[in-house]
Amino acid sequence: MSREHAVHEMGGLHHHEDQEMEKFYQQIQKTWPVIELDTRKFDLLIQLLNDPTRIFKRLQFRRGRLTSDHTNVVARLSEALESRSSQLEELDLESFKTNDGGAHALSNFVKTTSSLCKLRLNDCKIDGTGAFLIGESLHTNTCIQKLHLDNNSIGDDGAIILARGLETNQHLETLSLNKNNIGFQGAAAFANFLQVNSTLSSLGLPFNNIQDKGAVAIAKALSMNCSSKL
């Protein structure tokens with residue numbers, strides 16, 4: 001093969017990759033359907049996020065046929081978002097199983113973002129450690145208004161830490177914690193938080209085990225807080 005022919009083929013390959021990336025970028029901009037990631041699309045996504053000329057307002061993905069270790073996807077995606085001047089307003093990573101490294105990277109992104117309004121991490125296997133890291137990031141975050149953590153494994157310890165992280169947060173309006181193995185102790189922690197909070201307007205705790213006394217503690221806290229929106 002001549003050098004000129006090889007250069008021509010290489011140029012054609014780059015042109016095809018550019019077209020593929022542009023097509024995927026346009027697909028991301030649409031609100032429906034939700035994109036199912038595979039290994040190739042995830043690689044394209046990271047390349048797009050590393051391009052400062054690309055603007056993203058909303059990222060919503062499902063795991064799809066992603067064959068690589070998807071526990072690292074949250075970490076790589078969070079690191080890419082943290083490294084750019086993000087205008088992202090909504091991030092939905094439902095069903096991406098994360099680990100402590102992913103939770104740590106996500107926490108760092110939440111600490112630094114000034115645009116993210118809605119974060120959805122349902123069914124991501126977030127445990128007490130993940131809840132601690134997210135709660136820590138909420139101490140300083142001033143933009144997230146809706147946080148969905150349904151169907152994880154936060155438990156009482158995670159709920160207590162998360163509630164403490166929210167004590168100084170005056171921006172979160174919706175917190176959804178359905179199916180998280182939260183019991184009375186977790187409910188009591190949220191009751192303490194709700195005594196002083198004036199911004200939260202929706203707290204979801206269905207399919208936990210807060211018991212009657214947990215519900216009573218939350219109701220009592222709300223009755224003591226005249227500025228509560230709940």
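What covers the buried residues of α6? In this predicted model, the cover includes two other helices, α5 (residues 128–138) and α7 (residues 184–194). Helix α6 itself runs over residues 155–165, and eight of its eleven residues are buried, so the helix is largely enclosed by the rest of the structure. The buried residues are Gly155, Asp156, Gly158, Ala159, Ile160, Leu162, Ala163 and Gly165. A residue is called buried here when its relative accessible area is under 20%.

Helix α7 can be read in the same way. It is mostly covered, with eight of its eleven residues buried. These are Gly186, Ala187, Ala188, Ala189, Phe190, Ala191, Phe193 and Leu194. The cover over the buried residues of α7 includes α6, the strands β6 and β7, and helix α8. On the chain, β7 takes up residues 202–204 and α8 residues 211–224. Helix α7 is thus part of the cover of α6, and α6 is part of the cover of α7.

With these two helices in place, the chain can be viewed as a whole. It has eight helices and seven strands. Its C-alpha trace spans about 80 × 30 × 30 Å along the principal axes. Of the 230 residues in the protein chain, 47% are buried. The accessible surface comes to about 11,600 Å², and carbon and sulfur atoms account for 50% of that surface. As for charge, there are 24 positive and 27 negative side chains, and the centres of the two sets lie 5 Å apart.

How are the contacts spread along the sequence? Among contacts between residues at least 6 apart in sequence, 84% join residues at least 24 apart. Asparagine 180 gives a local example of contacts beyond its sequence neighbours. This residue sits in the loop between β6 (residues 174–176) and α7. Asparagine 180 is buried, with a relative accessible area of 0%. Leaving aside neighbours within four places in sequence, its contacts are Leu149, Asp150, Asn151, Asn152, Ser153, Ile154, Gly155, Phe207 and Asn208. One of these residues, asparagine 152, has its backbone nitrogen 3.4 Å from a polar atom of the asparagine 180 side chain. Another contact, Gly155, is among the buried residues of α6.

Next come the cysteines. A disulfide is a covalent bond between the sulfur atoms of two cysteines. How many disulfides are counted in this model? The count is zero, by a rule that asks for two cysteine sulfur atoms within 2.5 Å. Cysteine 124 is in no disulfide, and the nearest cysteine sulfur, that of cysteine 143, is 19 Å away. Cysteine 143 is in no disulfide either; there the nearest cysteine sulfur belongs to cysteine 117, at 6.4 Å. Cysteine 124 is buried, with a relative accessible area of 1%. Cysteine 143 is also buried, with a value of 9%.

Cysteine 124 appears again in the surroundings of serine 95. Serine 95 lies in the loop between β3 (residues 90–92) and α4 (residues 100–112). At 17% relative accessibility it counts as buried, because the limit for that word is 20%. Not counting residues up to four places away in sequence, serine 95 touches Arg62, Arg63, Asn122, Asp123 and Cys124.

Aspartate 123, one of the residues that serine 95 touches, is found in the loop between β4 (residues 118–120) and α5. At 25% relative accessibility, aspartate 123 counts as partly exposed. Its backbone also deserves a look. Most residues other than glycine have a negative phi. Aspartate 123 is not a glycine, yet its phi is positive, at about 55°. Glutamine 211 likewise has a positive phi, near 65°. Glutamine 211 is found in helix α8 and counts as partly exposed, at 41% relative accessibility.

A last stop is aspartate 51, in the loop between α2 (residues 39–49) and β2 (residues 58–62). Is aspartate 51 buried, partly exposed or exposed? It is partly exposed, with a relative accessible area of 22%. Its side chain makes a polar contact of 2.7 Å with the side chain of threonine 53. Aspartate 51 and glutamate 20 are 31 residues apart in sequence, while their C-alpha atoms are 15 Å apart in space.

Terms used. Residues are numbered from 1 along each chain as its sequence is written. This is a predicted model: local features need pLDDT of at least 70, side-chain atom pairs count only at pLDDT 80 or more; totals for chains, interfaces and linings use all residues. Side-chain values use heavy atoms; hydrogens and water are left out. Buried means under 20% relative accessible area, exposed over 50%, partly exposed in between (1.4 Å probe, protein chains only). Helices (H or I, at least four residues) and strands (E, at least two) are DSSP runs, numbered from the N terminus. Contact means heavy atoms within 4.5 Å. A polar contact is a pair of N or O atoms within 3.5 Å; within protein, one must be able to donate a hydrogen and the other to accept it, and residues adjacent in sequence count only if both atoms are side-chain atoms. Accessible areas come from the Shrake-Rupley method with a 1.4 Å probe; for residues, only the protein chains shown count as cover. Lys and Arg count as positive and Asp and Glu as negative; His and the chain ends are not counted. The place of a charge is taken as NZ of Lys, CZ of Arg, CG of Asp or CD of Glu.
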